[in-house]
Amino acid sequence: MLLVTGVSGALGKLVADRLSGREDVVLGTRAGLPGTRLVDFDDPSTLPAAFAGIDTLLLISAGYGEDDVVVARHEAAISAAEEAGVGHIVYTSISGDGDHLTYALAHRWTERRLQRSTVRWTVLRNGLYAEFLTWIAVPDADNRITGPLGEGGLAAVARADLADIAASVAADPAPHAGRVYELVGDRALGGADLAKALGTTYAPGTLAEARTAIAASGAQGFQVPMLASTYSAIAHGFMDGSGVESDLRALLGGREPLDALEVYAAAVRQG
Ligand SMILES: NC(=O)c1ccc[n+]([C@@H]2O[C@H](COP(=O)([O-])OP(=O)(O)OC[C@H]3O[C@@H](n4cnc5c(N)ncnc54)[C@H](OP(=O)(O)O)[C@@H]3O)[C@@H](O)[C@H]2O)c1
C-alpha cells in the first residue's frame, strides 16, 4: 500500500491524479478531504493511524516555515514511518545545485535523516518549478520584469514532469532504493527569456530593492531570505543546470520534458 502525503498541495494533487483509481494507493492531507487519511506532521498523533499498513510513503516535503519547523515536521514523519514499519520512503527534496538557497538546509537535513533511517529510501531532488518563476519574475504595473535575476538563468522544470516521476517511482520504488536523483531542466531560463516569452521587458533591480519590496509585501520573516537567496543563487549562476547531471529525461522514460518557458508563460497568463 502506498500513501501519498500533502495531496492538497499543488505537487501532491498532481501525483494523486496520476495514481487515481489504484486500490493500492491512499491519499493523505491535513485538509480532511473525503476519502483521505488525516496527515499532519505538526500533529504527530495523526501519524500512527495514517501510516498503518503502509509499505511505501511518498513524503512530499512540507516546506514554508523556519528551518526548525520544517525539520520537526520531517522528523515526525520519518520517525512515525519507522515505528509503523513502512518499508520505503520516497522524499521530494531540492536539487543539488540549490545548496545556496536558505530553504535547502531542511531538505539536506532530511536527506541525512533518511540515510540514518532503518527504512529504505529514495530522494527526488526536484529543481525549482517553472511555475515558481511566477512568484519571482512577473511583470510589474509598468509591464517590466524587475526581479534581480542578473544575467543568470534557472534550469526550471515543470511541476507536472516532477509529478509524473514521483508517481512512477513511488508506485514501484524497489529499483530506486538508495538513489538520489537530480531533476532539473535542460535549459536555463534568464530574465530576458522570460520577458521575451511574455512580450515584455527585463529591467532587473538590485537584491536590496527586492528584499525591501518582499518585506513590505507582508511576507513572513522566513520568506524574505528565502526569496532573496533564490534571486541571488540564480543571478550568480548556481541554478542554471551546469552544476548537476540531470536524471529528468531518464526518469521520464524517454519522453521529452515539458517546455518550462511555455509552462511559465501559461502560468503567468492564468494569474
Ligand atoms: N521545487 C520548487 O520549485 C518548490 C517550490 C515551492 C515549494 N517546494 C517544496 O515542495 C513542496 C511541494 O510543493 P507544492 O508546489 O505542492 O507546494 P504547496 O502547493 O504550497 O503545498 C504545500 C505542501 O506542504 C504540505 N504540508 C504543509 N504543512 C504540512 C504539515 N504540517 N503536514 C503535512 N504536510 C504539510 C501540504 O500538505 P497538505 O495536503 O496537508 O496541505 C502540501 O503538500 C512544498 O511543500 C515545498 O517544500 C518546491
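This passage describes how the ligand is held and how one pair of charged side chains links two helices in a predicted model.

A good place to begin is the ligand itself, which sits in the largest pocket. Around the ligand there are 23 residues, and the closest are Leu11, Thr29, Arg30, Ser61 and Tyr129. By character, this shell divides into 11 nonpolar, seven polar and five charged residues.

Several polar contacts can be followed one by one. At Leu11, a polar backbone atom lies 2.7 Å from an oxygen atom of the ligand. Thr29 takes part through its side chain, where an N or O atom is 2.7 Å from an oxygen atom of the ligand. With Phe41 the backbone is again involved: one of its polar atoms is found 2.9 Å from a nitrogen atom of the ligand. Taken alone, the ligand exposes 860 Å², and the protein buries 88% of that.

Attention now turns to charged pairs within the protein. Side chains of opposite charge can pair when their charged atoms come close. The count of salt bridges in the model comes to 15. One of them joins Arg18 to Asp164, with the closest N and O atoms 2.3 Å apart. Arg18 belongs to helix α1 (residues 10–19) and Asp164 to helix α6 (residues 159–171), so this salt bridge ties together parts that are 146 residues apart in sequence.

Methods: Residues are numbered from 1 along each chain as its sequence is written. This is a predicted model: local features need pLDDT of at least 70, side-chain atom pairs count only at pLDDT 80 or more; totals for chains, interfaces and linings use all residues. Side-chain values use heavy atoms; hydrogens and water are left out. A residue is near a molecule or strand if one of its heavy atoms lies within 4 Å of it. A polar contact is a pair of N or O atoms within 3.5 Å; within protein, one must be able to donate a hydrogen and the other to accept it, and residues adjacent in sequence count only if both atoms are side-chain atoms. Accessible areas come from the Shrake-Rupley method with a 1.4 Å probe; for residues, only the protein chains shown count as cover. On a 1 Å grid over the protein atoms alone, a cavity is a set of points where a 1.4 Å probe fits but cannot get out, and a pocket is an open set with protein on both sides within 12 Å along at least five of seven lines; lining residues have an atom within 4 Å of a point. A molecule sits in a cavity or pocket if more than half of its atoms lie within 2 Å of its grid points. Ala, Val, Leu, Ile, Met, Phe, Trp, Tyr, Cys and Pro count as nonpolar, Asp, Glu, Lys and Arg as charged, and the others, Gly among them, as polar. A salt bridge is a side-chain nitrogen of Lys or Arg within 4 Å of a carboxyl oxygen of Asp or Glu. Helices (H or I, at least four residues) and strands (E, at least two) are DSSP runs, numbered from the N terminus.
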